[in-house]
Amino acid sequence: MDIELRHIHKHFGPVHANNDISLSFRGGRIVGILGENGAGKSTLMKILSGFQPMDGGEIYINGARVDYTGPQAAIRCGVGMLQQDPLDVAAFTVLENFIYGQAGGLALKRREGRARLEQICSRFGFSLDAETPIAQLSIGQRQQLEIVRLLSQGVKTLILDEPTTGISAEQKTILFNALRDLAARDGMSILLVSHKLEDVIALCDEVAVLRGGRLVGTRDMPATTSELVAMMFGQELPPQTRQPLNLEGAETALVLENLTLRGKRVTVENLSLRVRAGEIVGLAGLDGSGQEMLLRACVGLIKPAHGRVMIGGENLTGAPYRAFLARGVAFGAAGRLEEGLVAGLSLTEHIALAHETGALVDWPRARRHTEEQLRHYNVRGRPESRVETLSGGNQQRLLMALMPPRPLLMALEQPTRGLDVDSSRWIWQQLLARRANGTAILFSSAELDELVAYSDRILVFYAGRVFEIPDASRASIDELGRLIGGHFDGASEA
Amino acid sequence: MNEELIRTLNSIVANATPLVIASIGETVTERAGVVNLSLDGSIILSAMVGFVAALASGSPVVGVLAAMLVGGLMALIVAFGGITLRQDQVAVGFVLTLLAANLAQFLGQNYTRIPGPQILNTPLPVVEQIPVIGPVFFRQSIFVYISYVLVFGLWYWLFRTRPGLAHRAVGERPATAFARGTRVNVLRYVYTGVGGALVGLAGAAYSLNVKAGWSTPPSMAGDGWIALAIVIFGGWHPFRVVLGAYLFAGLRVLANVIQRTPDVSIPVVLLNGVPWALMIITLLLVSSGAIERLVRVLPRPAQKWTRNFLRSDPPAALGTRFEPE
């Protein structure tokens, strides 16, 4: 089946997620859709599979223009998408999930459904028991079920969104064999959305690369990792000037000893780390590779399964968040409005919450204090404004104002996420000033240049495994990109 | 078998029937992910309307239809508030229940304690002759027979038909339902309305049969809340829901029997309170980890069965809104 996308546009508020993208896919080929977080690849695939309407553009299938009204309509046109978190119903059994959505009369026709399910499963070596509840399946098995269901519905173009996140190596082999077989024998088009360059190199015949909502280009495989990275991240940025750091004799702010963290999808095992006062450690990796868990474990929001967390020489393993705060730890969550601030409260109320310690609030003083802080942190907003009316940059500045002035350790999730260049730079000025006072900083970021520019050391997370770049000033974006994609030959595992 | 015991069991089934119908109706609604908290007021208002309509028209059938219409409309207000106006379903339902209960007493004030049409018991031929079962289950009113059909019908619908899959999916994970081509909010409206009509039918079962007539304060006040609790107790499964309704009605009838027994002296107030206390304890048990601890003590073969029977996971998307992207 041949698909042609012409001049696809999609906006989310001010963000131009897909900007004039034209692409075509031929049957029988496996195409990798590459790009950083936020490059627009998932959006484009959701448009192609009917999950999101487009703002402008046209889709042609086998030369005829199609206009979907939803995912089911796209499936009828032969285009089906496997979501990263498979869209099934946890309370259903495998068979019920398989049957639901397929055409048929009133009766379930379980026997027919089961026969069909088993027939498709046996072709690809999938092991799915018809009567098992979905809640008991692994992600890999749920993916297999979705693929089987989409095939049974007559899909001729299969889109997979990050299918190798959270599945075992064995399941990955089974999946890749199935995809190759579908392309070669059935002439299906397979579109693979992935960050993982090793997967793309192993599987794809062709890649299309997106950056900042635009199509950078397409090329036939094979290509080397560095060629792909160059396409994904553009040219390397000019080297940043940084203060030489003297950590000789600096105190230890944070020690992690043989830390094991178990998450839903990834497990970080046996990680040891020592961060000294004044050190900045960047955490790199795709979303959900374990870096968020590590940050939260450092502030007591996640209890480690094994190992110890020491703050300023004191063992706080298993202690509550409050105990970490009392020891001088500050945490900045990525979801500013969801976790960091209280939507509905004014700026003065936020400052009062953070700094007024008595039982009664001295409002005139809190207001004076707020005005001072807003001036000092350059927040554009009035003390009585509600926090959700501020722009993202101003919210982040307010968060800085709410943090203690001289913490021992700051753990920050994507501190500049969604901010423009000026706001980001301002945030980093503030962070560097605190670091000069001896604050240790641990931060995660999806921006490779930010990681390289500000970190002293970088930890790269890939599916729960951790690799250390001991001297970030000598790291290149290219090297970092390869590590994030899972290519770590020669790197040292932390 | 003891004549007296059979009469008691017969009366338990009769008394439980409005609860069965109302909680099956609420199960229909909640399985689609909507909480209709207006149950108590809905039952009272539809009982009043059902009685008055039957009285005015002289036909109990008209009364039943009017009651179902009222219940359905009340539920559609919850759906409109929760789905279209994007308000909190619990808040809308709660306010509505208070409004409806008071409205019923106001509008029905001229109809209290007057005789009106009733739906009498109609024994089912042949099956009523079965020993024990016949006299207990099949010498009853049409409402009871309808309740049997509803329980088995809903079970069959939910677990044995294709539209039933969509019904459950809408309540469990609407994003999936949308992806499979189900019109989530349309179905939610439909099932909320259908569930509400059944709640109205329960109201008619009270005022035309079980507690025939209309009085102030309404004799069925409070039963709507019980029906809501029974849905939770029943784990949103028709068979367990009906079991819960029979258990509850059984305790009530038992309280009455003990009250009439001269040798036993238990205060009336205490007896009347027992079913409610038992309901609270049961709800605490099924929604806490206590069940799991209990299950582990049991012999291994009994564990799986007990766990499945006692599990009480609500529909995962219950009370949430869904907006397709």
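Is Ser207(B) buried or exposed? In this predicted model, Ser207(B) has a relative accessibility of 0% and therefore counts as buried, the cut-off being under 20%. Let us start from this serine and work outwards.

Ser207(B) sits in helix α9 of chain B, which covers residues 184-210. If you set aside residues up to four places away in sequence, Ser207(B) touches Ala47(B), Gly50(B), Phe51(B), Ala212(B) and Gly213(B). Helix α2 of chain B runs over residues 39-57, so it is a good place to go next. Follow α2(B) to helix α10(B), residues 223-233, and you will see the two pack at an angle of about 130°, with their axes 7 Å apart. Angles from 115 to 145 degrees fall in the oblique class, and α2(B) and α10(B) are therefore oblique to each other. Their crossing is right-handed. On the α2(B) side, the contact is made by Leu39(B), Asp40(B) and Ile43(B), while α10(B) brings Asp223(B), Gly224(B), Trp225(B), Ala227(B) and Leu228(B). By character, these contact residues divide into five nonpolar, one polar and two charged.

Now look at α10(B) itself. Nine of its eleven residues are buried, so α10(B) is largely enclosed by the rest of the structure. Those buried residues are Asp223(B), Gly224(B), Ile226(B), Ala227(B), Leu228(B), Ala229(B), Ile230(B), Val231(B) and Phe233(B). Just after the helix, Gly235(B) takes a positive phi of about 60°.

Another serine helps to show what surrounds α10(B). Ser23(B) belongs to helix α1 of chain B, residues 3-31. With 0% relative accessibility, Ser23(B) counts as buried. Leaving aside neighbours within four places in sequence, Ser23(B) is in contact with Ala227(B), Ile230(B), Val231(B) and Val241(B). Among these partners, Ala227(B), Ile230(B) and Val231(B) are themselves buried residues of α10(B). Ala227(B) also takes part in the contact between α2(B) and α10(B). Ser23(B) can be related to α9(B) as well: its C-alpha lies 8.9 Å from that of Gly195(B), although the two are 172 residues apart in sequence.

One more feature of chain B deserves a stop. The loop between α9 and α10 of chain B holds Pro217(B). The peptide bond from Thr216(B) to Pro217(B) is cis, with omega near -5°. For context, most peptide bonds are trans.

Let us move over to chain A. Its secondary structure comes to 17 helices and 21 strands. The radius of gyration of chain A is 25 Å, close to the 23 Å that the globule rule gives for 494 residues, so chain A is as compact as a globular protein of that length. Measured out along its principal axes, the C-alpha trace spans about 70 × 50 × 45 Å. Of the 494 residues, 55% count as buried. Take the contacts in chain A between residues at least 6 apart in sequence: 67% of them join residues at least 24 apart.

Leu44(A) gives you a local view of this chain. This leucine is found in helix α1 of chain A, residues 41-48, and with a relative accessible area of 1% it is buried. Beyond residues up to four places away in sequence, Leu44(A) touches Leu5(A), Ile8(A), Asn18(A), Ile21(A), Leu23(A) and Leu210(A). For one of these partners, Asn18(A), the C-alpha atom is separated from that of Leu44(A) by 6.7 Å, with their positions 26 residues apart along the chain.

Chain A has a cis peptide bond to look at too. The bond joins Met221(A) and Pro222(A), and its omega is about 5°. Pro222(A) lies in the loop between β10 (214-220) and α8 (225-233) of chain A.

Finally, two residues in loops of chain A are worth a look for their backbone angles. As background, most residues other than glycine have a negative phi. Glu162(A), in the loop between β7 (157-161) and α6 (169-186), has a positive phi near 45°. At 4% relative accessibility, Glu162(A) counts as buried. Asn378(A), in the loop between α13 (363-376) and α14 (392-402), has a positive phi of about 60° although it is not a glycine. What does its relative accessibility of 35% make Asn378(A) count as? At that value, Asn378(A) counts as partly exposed.

Key:
Residues numbered from 1 in each chain as written. Chains lettered and ligands numbered in written order. Predicted model: local features only at pLDDT ≥ 70, side-chain atom pairs only at ≥ 80, totals over all residues. Heavy atoms only, no water. Axes fitted to C-alpha atoms, helices over the stretch in contact; angles between N-to-C directions. Helix = DSSP H or I, 4+ residues; strand = E, 2+ residues; numbered from the N terminus. Parallel < 35°, antiparallel > 145°, perpendicular 65-115°, else oblique. Left-handed = near helix turned anticlockwise from the far one by under 90°. Contact = heavy atoms within 4.5 Å. Nonpolar A, V, L, I, M, F, W, Y, C, P; charged D, E, K, R; others polar. Rg over C-alpha atoms; globule rule 2.2 N^0.38 Å. Buried < 20%, exposed > 50% of the residue type's maximum accessible area, 1.4 Å probe, protein only.
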